[in-house]
Amino acid sequence: MSVTSLSDAVFAAVDLGATSGRVITGRAGPGKLVLTEAHRFPNTPVRLPDGLRWDVLALYQGMLDGLRTAARSGPIASVGIDTWAVDYGLLDADGALLGLPFHYRDSRNGQVAEQVLAECGAQELYSVSGLQHLPFNTVFQLAAHHASSHWGAARRMLLIPDLLVHWLTGTVGAEITNASTTGLFDASAGTWSDALIGRLGLERSWFPPLREPGDPAGTLLPHVAEYTGLPAGTPVTTVASHDTASAVASVPAVEPGFAYVSCGTWSLAGLELAAPVLTEESRAANFTNERGVDGTIRYLRNIMGMWLLEECRRAWGRRGTAPGLAELLAEAARARPFAALIDPDDEMFLAPGDMPSRIDTRLVRTGQHPPDTPGGYVRCVLESLALAHRRTLRQAAGLAGRELTCIHLVGGGSRNELLCQWTADATGLPVTAGPAEATAIGNVLLQARAHGLVGDLMDMRRLVVQTQELRHYTPQGDQRAWDRAAARLEPA
């Protein structure tokens, strides 16, 4: 495609989340950033006798159907794929997938984490990988997978976005922002950790060469081009395939001292740094050092995010008593402040299930009264998330030696005005909310940059400021009330 025709080029962003997948088309260039949703499809996990699995075949088909729709939008310059992190597929010597990939919320993972830590040591593991301890980190999932009959036939491990790229192009690689979430990546060197891989008895040949955002990942295979209607030779461009990394790349921050919260199913709250923080204090505070675009470090902590609210809504739906979201938020705004608070990161909230009942259990255990209305539960969840944002960002700033001046809240949670305002109130910092489509925007911008239409990371962010609708929230109310609420959640 010529430079002239690139000015009208369309970039296809495949963005797969925990509950749905989308194919977004985007046009980007000087003063221009326009996104259009081409196709949306559900992401419904499947519970099989041996555990909770991703229906990756349905996701692949949804992606192909979306690309076929996108092909009608104009000349597609390239395709980029981002998904959630940590999950993977194992391939045999012929490149065939060995079973549906396990879901990170499957219960198998917590059973082996202690065994891995006994083998490597928590401090050694953190000093190399810099990764937050979560029971579903890839390193623990692989240890749990070891007992499977598939294990002996495995010859390659591909994280979910790399698996989909492989099916589109036939090439193998590991995109670096996602590789950094596995627990088998050297945060300082920016490479796979041969030492950890060997220490855990894994085969180094399983782990493919690393790719950076912007690298070419191959071209569409003939049968893919034929099905989608895209031209033969359409390139697939490596983007920041960890969805949070793509979201952070589109944070509209042009000032120093910013923090971010990428809020969707999870709230990923943290800072963008030039180098990892691998101190014992950082490990004890359970912060992660994940790779960002252009060698940056996403220094953050995972917080259970809007998952809590969505699981509550699903539970009420099963009972036939599910109010609409707008009604729930209005009721939450009227509910009594700080009547009930939880720690969103309690592991009892991780698995799918009856979330209101779990919240009740946690509240009773901590001497609190459960809410008596759905709006009360929503207020409990949103105030608790705002306090978690406050705690996490203040800890991150202290551990990294940074002064914070503002917060950028991006992703689907940026549409929730209560959460945005309460995050400003809890932290005492101004909050800029948006873009809601941060991940897809980052995906498109990284493709456009690879094709010479957008400049460096700061240019990308300036373009987001110029073209996207952003909302601004200033702290209001009594800061001391939030201080008292935060003290209630501190360990006794």
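## The second pocket

In the second largest pocket, the lining splits into 6 nonpolar, 4 polar and 5 charged residues. Keep in mind that this is a predicted model. The pocket holds about 270 Å³, and 15 residues line it, with Q132, L134, N286, N302 and D345 closest to its centre. Which element supplies the largest share of this lining? That's strand β18 (residues 297-304), with 3 residues.

N286 deserves a second look. Its phi is positive, about 65 degrees, even though N286 is not a glycine. You'll find N286 in the loop between α11 (280-284) and β17.

## The largest pocket

Now for the largest pocket, which takes in about 1,200 Å³ of space. Its lining runs to 48 residues, and C263, G264, T265, W266 and G412 sit nearest the centre. Helix α12 (residues 307-318) is the top contributor here, giving 5 residues to the lining. Sorted by class, the lining of the largest pocket comes out at 20 nonpolar, 18 polar and 10 charged residues.

## Enclosed spaces

Rolling a probe the size of a water molecule over the atoms shows where empty space is left. How many cavities of 30 Å³ or more turn up in the whole structure? The search finds 3.

The largest cavity has a volume of about 90 Å³. It has 13 lining residues, and D162, V165, E175, T238 and S241 are the closest to its centre. Two or more lining residues come from each of β6 (76-82), α6 (160-169) and β14 (235-237), and α6 has the largest share with 3. The class split for the largest cavity is 6 nonpolar, 4 polar and 3 charged.

The second largest cavity comes in at about 40 Å³. Its walls are made by A245, V248, A249, E272, G292, V293, T296, R298, L457 and R461. Helices α10 (243-249) and α18 (457-467) are the elements that put two or more residues into this lining, with α10 giving the most, 3 residues. By class, you get 5 nonpolar, 2 polar and 3 charged residues around the second largest cavity.

## A seven-stranded sheet

What is the strand order in the open sheet of 7 strands? Reading across, it goes β17-β18-β16-β15-β19-β20-β21, and the pairing is mixed. β17 (288-291) and β21 (471-473) are the edge strands, each pairing on one side only. On average, neighbouring strands of this sheet are turned by 30 degrees against each other, if you ignore direction.

Zoom in on strands β19 (residues 406-410) and β20 (residues 431-433): they run parallel and are joined by 3 bridges. Within that pairing, L409 has A433 of β20 as its bridge partner. After β20 comes a loop that leads to α17 (438-450), and P435 lies in that loop. The peptide bond joining G434 and P435 is cis, with omega at about 5 degrees.

## The β2-β3 hairpin

Strands β2 (residues 20-29) and β3 (residues 32-42) run antiparallel, with 10 bridges between them. G26 is one residue to look for, as it stands opposite L35 in β3. The hairpin has 2 residues between the strands, and G31 takes a positive phi near 70 degrees.

## Two crossing helices

How do α13 and α15 lie relative to each other, parallel or perpendicular? The axes of helix α13 (residues 325-334) and helix α15 (residues 374-400) cross at roughly 75 degrees and come within 7 Å. Angles of 65 to 115 degrees count as roughly perpendicular, so α13 and α15 are roughly perpendicular to each other.

On the α13 side, the contact is made by L328, L329, E331, A332 and A333. The α15 side brings P374, G375, G376, V378, R379 and L382. Broken down by class, the contact of α13 with α15 has 7 nonpolar, 2 polar and 2 charged residues.

Key: Residues are numbered from 1 along each chain as its sequence is written. This is a predicted model: local features need pLDDT of at least 70, side-chain atom pairs count only at pLDDT 80 or more; totals for chains, interfaces and linings use all residues. Side-chain values use heavy atoms; hydrogens and water are left out. On a 1 Å grid over the protein atoms alone, a cavity is a set of points where a 1.4 Å probe fits but cannot get out, and a pocket is an open set with protein on both sides within 12 Å along at least five of seven lines; lining residues have an atom within 4 Å of a point. Grid points are joined across faces, edges and corners, and a volume is the space filled by probe spheres set on the points. Helices (H or I, at least four residues) and strands (E, at least two) are DSSP runs, numbered from the N terminus. Ala, Val, Leu, Ile, Met, Phe, Trp, Tyr, Cys and Pro count as nonpolar, Asp, Glu, Lys and Arg as charged, and the others, Gly among them, as polar. Two strands pair if DSSP finds at least two bridges between them. Axes are lines fitted to C-alpha atoms, for helices over the stretch in contact, and angles run from 0 to 180 degrees between N-to-C directions. Angles under 35 degrees count as roughly parallel, over 145 as roughly antiparallel, 65 to 115 as roughly perpendicular and the rest as oblique. Contact means heavy atoms within 4.5 Å.
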